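This report describes how selected helices pack against one another and then turns to the interior space of the model.

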Amino acid sequence: MGLAIMFVSTAIITRSLGPKAYGDFSFLNNFFIQLIPFFTFSTSIAFFTKLSQRNNEFGLVRFFRIISIIAFILLFLIIVFSQTFKLNNFLWPEQSIYLVYLAAIFAILTWIVSSLTQISDALGITVSTEIAKIIQRIIGLFLISFLYYLHLIDIFNFYYYNYFILLLLIIAFVYLINRPDFNFTSGWCMGKKEFKKYYNEFYIYSKPLFFYSLIGLIVGLFDRWLLQKFGGSIQQGFFELSLKIGAVCFIFTNASSQLITREFSIAFGENDLKEMKRLFRRYIPLLFSIASFLSCFIAVNASTVTNIFGGSQFASATVPIAIMAFYPIHQTYGQLSGAVFYASGDTKLYSKIGLIFMFVGLPISYFVIAPVNFLGLNAGAIGLAIKFVVLQFIAVNVQLYFNSKLLKLNFIKYLFHQLVIITYLILLSLLSKILLIKLISYEVDGIIGFLCSGVVYSTMVAMSVYFFPILFGLNKTDIFNGVNCIKAYIYSFKKKNKKQV
C-alpha cells in the first residue's frame, strides 16, 4: 500500500510543480539534509549501532538529542552568515532566501523522523512504526489530492504540506516509543560527567568517519550545486525525479535493511561471527533480488514511467530515470554491506573505501556536467546518473570483497550472482514488453500496457522463483513453506466464508 501511495503522490506532486519548481525544491532540501549529519559529527551511525546493542539505555537518546539540537542551531547560523555577507546567491543560485529557510526547517523535521525511525528499529518496534507511516501516507495522499483539486500546489504550499505530515509522523512515533523508562518528555538535561562519557564513546566510534563525512558532504553538495549552476533547475528536477523513482524501488528493502543491520550489531556484540555469516548468506542475495525485481522493470519501461509520473513536462527525464532505476539495487547492497562494517566497528576501513571513490567522483562529476567550453560533456542529469550508478557498483563490490574476507565467504560467487540476477530480470522484463506489444499494441495504450506488462513480468518472476529458488537466494524449503502458508490461508478463508453462509 505504501508503494502505491508513493506512486500516486509523486505523480501528483511532479505534475503540479513542474520540472523547475520540483528542481528548486530538491536542490535546497538536498543541501540542508546533507549538512545536518555533518554537524552531528556523523554520530547517527554510532547512535543506532549502540542503541541496538543497549536498547534500554535512554542516556544514548538524551546525548544524541543534544547533539542534534546543536546541529540545528548551526544550520540556521549558516543561513544568517551567508545572508549577512551576501553569499546566498552563490550557495543557492536563483533561490529566494525565504525558500532557503523553508528548506532548512524541512531538513530538521526530516532528520527528527529519521532519528525516531532509528530508535524504533533499535527497540524492535518496527511493525508499529511502519503502520504509523502507512497511515501518515494515506492522510498525506488525501491532503495532496485535495490541494491538487483546488489548484493550490506550489512550492510554498508544498513545504507547508510536508511540515504537516512530518509533524504527524513525529507525534505518532513519540507516542509509540514512549514508555515509563524510555520517555522523551523527561531528562532533557545531562550531567557533565555523563555527557563526557558518551562524548568519548561516540568520538572514538565516529572519529574515522568525520573526514569521510566532510568529503561526503563536499562531494554531495558539489554534485548538485554543479548541476544547478550549469544545468539549471530543470535538469535538477529531472535528476530528482529519477532519484525519487529509485527511492520507490528502495522502499521494498529499506525497512528490512535496518532490521538486518540491527541483527548484525547484536551478533557482533556477542562475538558471534558465525551468526553474522548466516545472516549475510540468508538475506543479502534475497534482498538484492527483491531490489532488482522492480528496478529492472522500471529501467526497461522508463519512458512509460516518466510519462505516468511527470507527464510531457518531464519527457527528457526518461534516460536519467532508466539509468537511476539501477541505483537502489546496489544502494541495498551497500547498506547491508556497510552494516557489517558498522556492526564490527571497522569504520576506518569503511571510510577509506568511501573516500577513495568520492575523490575519484569529484573530477568525473565536473567532466560529465560542465559545458563543452569548460572542458565538460554537458550531459546534465544523464551524466550525473551515470556517475552515480557506475561508481556505486564498483564501491559496493569493494566493500563486499572486504566483508567476504571477514566472514570467510566467496566474493566471486556474490559478484556473479549480481550480474546473473540483473541480466535475467532485464531479459524477463523485455520479454514481457515484447509479448504485450504483440498482444495489445503496448506503445499506443501506455498505462494499460504497462500494468499488463507488470502482471506478465511478475508471473514469470514468480515461476522462476518456484523452479529456480537458488537464483533468488532461496531454497526448496523456503518455497515449500511459502506454498503451505498460501494453502493454509486459502483454506482458512474458505472455511470462514462457509460459516458465514
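Helices α3 and α5 lie roughly antiparallel to each other, therefore falling in the class of angles over 145 degrees. The model is predicted, so that local features need pLDDT of at least 70 and side-chain atom pairs count only at pLDDT 80 or more, while totals for chains, interfaces and linings use all residues. Residues are numbered from 1 along each chain as its sequence is written, and side-chain values use heavy atoms, with hydrogens and water left out.

**Helix pairs**

Two packed helices are described by the angle between their axes and the distance between the axes. Axes are lines fitted to C-alpha atoms over the stretch in contact, with angles from 0 to 180 degrees between N-to-C directions. Helices are DSSP runs (H or I, at least four residues) numbered from the N terminus.

| Helix pair | Axis angle | Axis distance |
|---|---|---|
| α3 (58-84) and α5 (97-123) | about 170 degrees | 11 Å |
| α9 (273-300) and α12 (327-344) | roughly 160 degrees | within 8 Å |
| α12 and α14 (380-407) | roughly 35 degrees | within 9 Å |

The crossing of α3 with α5 is right-handed, meaning that the near helix is turned clockwise from the far one by less than a right angle, whereas an anticlockwise turn is left-handed. In their contact (heavy atoms within 4.5 Å), residues of α3 including F64, F72 and F76 meet residues of α5, among them Y101, W111 and I112. This contact of α3 with α5 has 16 nonpolar, 3 polar and no charged residues. Here Ala, Val, Leu, Ile, Met, Phe, Trp, Tyr, Cys and Pro count as nonpolar, Asp, Glu, Lys and Arg as charged, and the others, Gly among them, as polar.

For α9 and α12, the axes cross at roughly 160 degrees, which makes α9 roughly antiparallel to α12. Their crossing is right-handed. The contact includes F280, L287 and F288 of α9, and Y333, L336 and V340 of α12. By class, 12 nonpolar, 4 polar and no charged residues form the contact of α9 with α12.

Helix α12 also crosses α14, and this crossing is left-handed. Among the residues in contact are H330, G334 and F341 of α12, together with F388, Q392 and N403 of α14. The contact of α12 with α14 divides into 12 nonpolar, 10 polar and no charged residues.

**Interior space**

The structure contains 1 cavity of 30 Å³ or more. A cavity is a set of points on a 1 Å grid over the protein atoms alone where a 1.4 Å probe fits but cannot get out, and lining residues have an atom within 4 Å of a point. The largest cavity encloses about 30 Å³ of space, a volume being the space filled by probe spheres set on the points. Its lining consists of F27, N30, F31, L91, L221, R224 and W225. Helices α1 (2-39) and α8 (192-269) each supply at least two residues of that lining. The lining of the largest cavity has 5 nonpolar, 1 polar and 1 charged residues.

Conventions: 1 Å grid on protein atoms, 1.4 Å probe; cavity = no way out; pocket = protein on both sides within 12 Å on 5 of 7 lines; lining within 4 Å. Parallel < 35°, antiparallel > 145°, perpendicular 65-115°, else oblique.
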